[in-house]
Amino acid sequence: MSTRTTFDTRLKKKETPPVMMRGYGMLEVNKTGWLEKTRPVAGPLDAIVRPTIVAPCSSDTHVSHGGSGPKKDLILGHEAVGIVEEVGELVTKFAPGDRVVVPCVTPDWLSMGTQSGKSTAHDHFMMGSFKFLSQKDGIFAEYFHVNQADANLVHMPDDVSPEAALMTVDMMSTGFHGAELAEIGYGDTVVVIGIGPVGLMAVAGAQLRGAGRIIGIGTRPNCVKIAREYGATDIVSYKEGDIVEQIKDLTGGGADKVIIAGGDAETFRQAVDMTKEMGVVSNINFFDLSHVLSMPAWSWGLGMANKDIRGGFCPGGALRIQKLLEVIRHGRLDTTKIISHKFNGFEKMEDAFDLMDKKAPDLIKPIVYMDAQ
Ligand code: NDP
Ligand code: ZN
């Protein structure tokens, strides 16, 4: 038996006649649309969830264009809150009818990679804990499957709005991961390259970790406004000259910590260049398969400057999201500021996805209420 076969997939529930459901996803690379698929079935440790609000993400559009390898007939989506529809017989913490927040990364907690302390690793398979999109259908559907529900679902707190909770499952978790990887300390000068929803959350994370100066790089006016509200002290436009020069001028030599949350292959070199000796470059941006990340040896101080270069995927599981919900519950962050567009009804999924794909100038983060409000 393959070591990648999970407990939940091996112990299938008793045979039941297939029920069909609708989903929205990629028919093939560069072509999205409606799909009719079999409703998933819960294994003994799993749950089936009916989404109530979903959010399209840059990662969905990236995958739809073939970003992580060719795929077809795949339901997209990985950011959802919802209601438990069905649980497997070994699930103890959840029951049908429970309101839940669903982490976008749902590890197999029995895997060796996860036991080694990295919630994103499944054995030695990169991003193996990202089940939606990479190993099974996503959440833009009438129902979706969650593996190991007791460890991968979170009860919706009564004092957090579902919209605020929805923003934790990827945007806040990923943006905060950028701040964690950067090991931001009190008074650090931090640059966040890219202030879309992910970068905005990195700005908020940097602020909560006690950064001194926080410089956001981006141009969309509504993002610039929220970046300032979340703690950015300065804004730099990558459209108005070389960002390395701009940052060096502003800071008198470079930043302590640089988080990459947007840009292209060239951004990598720029990030390393604008980071001071002993500093950290923390990447949470998805580079494209076609990108080549390169830099002159001098950018990295000939390897002698103790500049750390790190990159990582959004951590997974219930505890992570519970902790982020605590930040919201106690009034430290309003994640709903990044929601720029609201769509009513699953029928509007296509419009929401299109908006995300084309990146309208006033777009930050769209959400879709599955039932019209
Ligand atoms: P957006 O496209 O909304 O934002 C990108 C930001 O980068 C914008 O502020 C944009 O500026 C800025 N930007 C664009 N080009 C450049 C450039 N050449 N130089 C500097 N800044 C630039 O993206 P998201 O916030 O939705 O996502 C950011 C990244 O995070 C994506 O790559 C996404 O795939 C990735 N991601 C990673 C995850 C992880 O776990 N690691 C999870 C989720 C997402 P402007 O204001 O002009 O638009
Ligand atoms: Zn996402």
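Q: Which residues are the protein donors of the zinc ion (ligand 2)?
A: In this predicted model, the donor atoms lie 1.8 to 2.3 Å from the zinc ion (ligand 2). Along the chain these donors follow the spacing C-x20-H-E-x90-D. With the atom of each given in parentheses, the protein donors are Cys57 (SG), His78 (NE2), Glu79 (OE) and Asp170 (OD).

Q: Which arrangement do the four donor atoms around the zinc ion (ligand 2) make, and why?
A: Four donors count as tetrahedral if all angles lie between 85 and 135 degrees. The four donor atoms around the zinc ion (ligand 2) subtend angles of 95 to 123 degrees, and the arrangement is therefore tetrahedral.

Q: How many residues apart are Cys57 and Glu79, the pair that links distant parts of the chain?
A: Cys57 sits in the loop between strand 3 (47–54) and helix 2 (58–64), whereas Glu79 sits in the loop between strand 4 (74–75) and strand 5 (80–87). Along the chain, the separation of Cys57 and Glu79 is 22 residues.

Q: Is Glu79 buried or exposed?
A: A residue is called buried when its relative accessible area is under 20%. Cys57, with a relative accessible area of 2%, is buried. Glu79 has a relative accessibility of 0%, so Glu79 is likewise classed as buried.

Q: Which element gives the largest share of the largest nonpolar core?
A: The largest nonpolar core has 52 residues, and Val101, Leu200, Tyr230 and Ile259 have the most contacts inside it. Among the elements that give two or more residues to this core are helix 7 (168–181), strand 9 (190–193), helix 8 (197–208) and helix 12 (318–329). The largest share is seven residues, and the element that gives it is helix 8.

Q: Which domains each give at least three residues to the largest nonpolar core?
A: The domain assignment of the chain gives two segments, 16–166 and 334–369, to domain 1, and 178–311 to domain 2. The core draws at least three residues from each of domain 1 and domain 2.

Q: What area is buried between domain 1 and domain 2?
A: The C-alpha centres of domain 1 and domain 2 lie 29 Å apart, and the contact takes 15 residues from domain 1 and 13 residues from domain 2. On the domain 1 side, Lys337, Ile338 and Ile364 lose the most area to domain 2, together 42% of what that side buries. Carbon and sulfur atoms give 64% of the area buried between the two domains, which is about 1,200 Å².

Technical notes:
Residues are numbered from 1 along each chain as its sequence is written. Chains are lettered from A and ligands numbered from 1 in the order in which they are written. This is a predicted model: local features need pLDDT of at least 70, side-chain atom pairs count only at pLDDT 80 or more; totals for chains, interfaces and linings use all residues. Side-chain values use heavy atoms; hydrogens and water are left out. Donors are N, O and S atoms within 2.8 Å of the metal (3.2 Å for Na, K and Ca); water is not among the atoms, so sites may look incomplete. Four donors count as tetrahedral if all angles lie between 85 and 135 degrees; four count as square planar and six as octahedral if opposite donors are over 155 degrees apart and all others between 65 and 115; anything else is irregular. Helices (H or I, at least four residues) and strands (E, at least two) are DSSP runs, numbered from the N terminus. Buried means under 20% relative accessible area, exposed over 50%, partly exposed in between (1.4 Å probe, protein chains only). A nonpolar core is a set of buried Ala, Val, Leu, Ile, Met, Phe, Trp, Tyr and Cys residues joined through side-chain atoms within 4.5 Å. Domain bounds come from an automatic or database domain assignment. Contact means heavy atoms within 4.5 Å. Buried area is the accessible area (1.4 Å probe) that two parts lose on being put together, summed over both.
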